[in-house]
Amino acid sequence: MRAHLILKDGTIFRGRAPLGFGGGGEAVFTTAMAGYQEILTDPSFAGQMVCMTFPEQGIYGIHADLNEGTRPWATGLLCRRLTFAPDHHRCEGDLPSWLKRHHIPVMTDLDTRALTQHLRDQGSQPSLIWTEVDGSLDAGVAKAKALPDMTGQALCGEVSCRDRYELNPGGALKVAVLDGGIKLSILNQLVGVGLNLEVFPWDTPASELTDKRFHGLFLSNGPGDPAALPGMQKEVEACIGKLPIFGICLGHQLLGQAFGGKTFKLKFGHRGANQPVHDLMTGRIEITAQNHGFAVDENGLPGDLVVTHKHLSDGTVEGLRHTKLPIFSLQHHPEASPGPHDAHPAFHRFVALLKEFHHA
């Protein structure tokens, strides 16, 4: 079926909708060359249609153990070509059938290079996959122009767990996890370093997260605008000084806000598995996996909150550490699924921080 991708600024790209239906969301791009299933099921992609810059998608099919969430959270897949006949000995199904089953729209035969360049130059923005049965192109343009921007959207409530649950009950150190849209691979990494986890919904009060049974607090990744979560920020602020804290992505942004800082929307965000980060503490350059459209503004941060990492491409804040309290955070994803493992030691660093704090 013929289709058009219509951006909010009125730009139109031609393509096809092979599943026979369209949809909408913020158009963003990722430079990851593999990992389409992990990307589509990452809760941080809620509300977004993902343009894959690598041309061929679906090559190795679908594998249940690659899911990062309970279902696909991205609202659409934008790609050049889509493989209906995958080739992998462990393949459990093809990508198009899996997407159709979850009613996730796809646009193929798309000039992804031109789209990526446009989003890079003009910024990520709301968009529609408009099929030939949806109506006139003029109607699609009018609908796209009325779409809400990602700024101001609070999406944690859509992707967070509904009820508390526990993982690895035999772990010696017990950590509360505030789930703003956590990836399963992050939970796996935390369990892998021996932590006993209690995972809580995004709106859990600080009094529960800092109960005396917990040795530390982990703040997860998640979608949407961190500035649209004043209640969540307030609860994070109330946890400060009561136990060690480690935050990733949204958790990092919430910590920045809790200490009086601000966040802002990046023009096109950082999404991919090849993002260079400078560790200012060691001097090392790490190649990292990232997925975020907002960042912490370095200006306005208090003096006792030190910037530990910076993105080499634009100098934005990638890590924070408190000089007096056992608190640190990373904007990038050390679990790297998909992506390189340069930042994996962050999970061991958290364990060391917990042990140091409770044995002091």
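UniProt lists residues 1–130 as "domain: Carbamoyl-phosphate synthase small subunit N-terminal", in an unreviewed entry. Keep in mind that what you're looking at is a predicted model. In that model, the span 1–130 is 18% helix and 30% strand, and its end C-alpha atoms lie 10 Å apart. The domain assignment of the protein chain draws its own bounds: domain 1 covers 2–145, and domain 2 covers 156–359. Here's a tour, topic by topic.

**Where the two domains meet**

- Going by C-alpha atoms, the centres of domain 1 and domain 2 are 28 Å apart.
- Domain 1 brings 26 residues to the contact, while domain 2 brings 21 residues.
- Together, domain 1 and domain 2 bury about 1800 Å² between them, and 51% of that is on carbon and sulfur atoms.
- Which residues of domain 1 lose the most area to domain 2? They are Pro43, Ser44 and Glu68, which together make up 30% of what the domain 1 side buries.

**What holds hands across the boundary**

- Between domain 1 and domain 2 the count is one salt bridge.
- Look for a salt bridge between the side chains of glutamate 26 and lysine 265, at 3.0 Å from N to O.
- Polar contacts are there too: twelve residue pairs between domain 1 and domain 2, with both partners at pLDDT 80 or more.
- On the side of domain 1 that touches domain 2, strand E3 (23–30), helix H1 (36–41) and helix H3 (112–122) each chip in at least two residues.
- Sort the residues on that side of domain 1 by type and you get ten nonpolar, ten polar and six charged.

**Sites marked in UniProt**

- The unreviewed UniProt entry gives the annotation "binding site" to Ser44, Gly222, Gly224, Leu250, Gln253, Asn291, Gly293 and Phe294.
- Why can these residues be said to gather at one spot? They span 251 residues in sequence, yet no two of their C-alpha atoms are more than 13.4 Å apart, so they do come together in one place.
- To find glycine 224, go to the loop between strand E13 (216–219) and helix H8 (230–239).
- Ser44 shows up twice in this tour: it has the "binding site" label in UniProt, and it is among the domain 1 residues that lose the most area to domain 2.
- The same unreviewed kind of UniProt record puts the feature "active site" at Cys249, His333 and Glu335.
- The "active site" residues span 87 residues in sequence, but no two of their C-alpha atoms are more than 11.5 Å apart, so they gather at one spot.
- Histidine 333 sits in the loop between strand E19 (327–330) and helix H10 (345–359).

**Salt bridges in the model**

- The count comes to 14 salt bridges.
- One of the pairs is glutamate 132 with arginine 2, whose side chains meet at 3.3 Å from N to O.
- Glutamate 132 lies in the loop between strand E9 (125–131) and helix H4 (137–145), and arginine 2 is in strand E1 (residues 2–7), so this pair ties together parts that are 130 residues apart in sequence.

**Backbone oddities**

- Most residues other than glycine have a negative phi, and most peptide bonds are trans.
- Against that background, the peptide bond from serine 337 to proline 338 is cis, with omega near 5 degrees.
- You'll find proline 338 in the loop between E19 and H10.
- Histidine 103 isn't a glycine, but its phi is positive, near 55 degrees.
- Histidine 103 is in the loop between helix H2 (95–101) and strand E8 (106–107).

Definitions and conventions
Residues numbered from 1 in each chain as written. Predicted model: local features only at pLDDT ≥ 70, side-chain atom pairs only at ≥ 80, totals over all residues. Heavy atoms only, no water. Domains from an automatic or database assignment. Contact = heavy atoms within 4.5 Å. Buried area = accessible area lost by both parts, 1.4 Å probe. Salt bridge = Lys/Arg side-chain N within 4 Å of Asp/Glu carboxyl O. Polar contact = N/O pair within 3.5 Å; in protein donor to acceptor, adjacent residues only side chain to side chain. Helix = DSSP H or I, 4+ residues; strand = E, 2+ residues; numbered from the N terminus. Nonpolar A, V, L, I, M, F, W, Y, C, P; charged D, E, K, R; others polar. UniProt positions renumbered as here; feature names shortened; annotations may be inferred.
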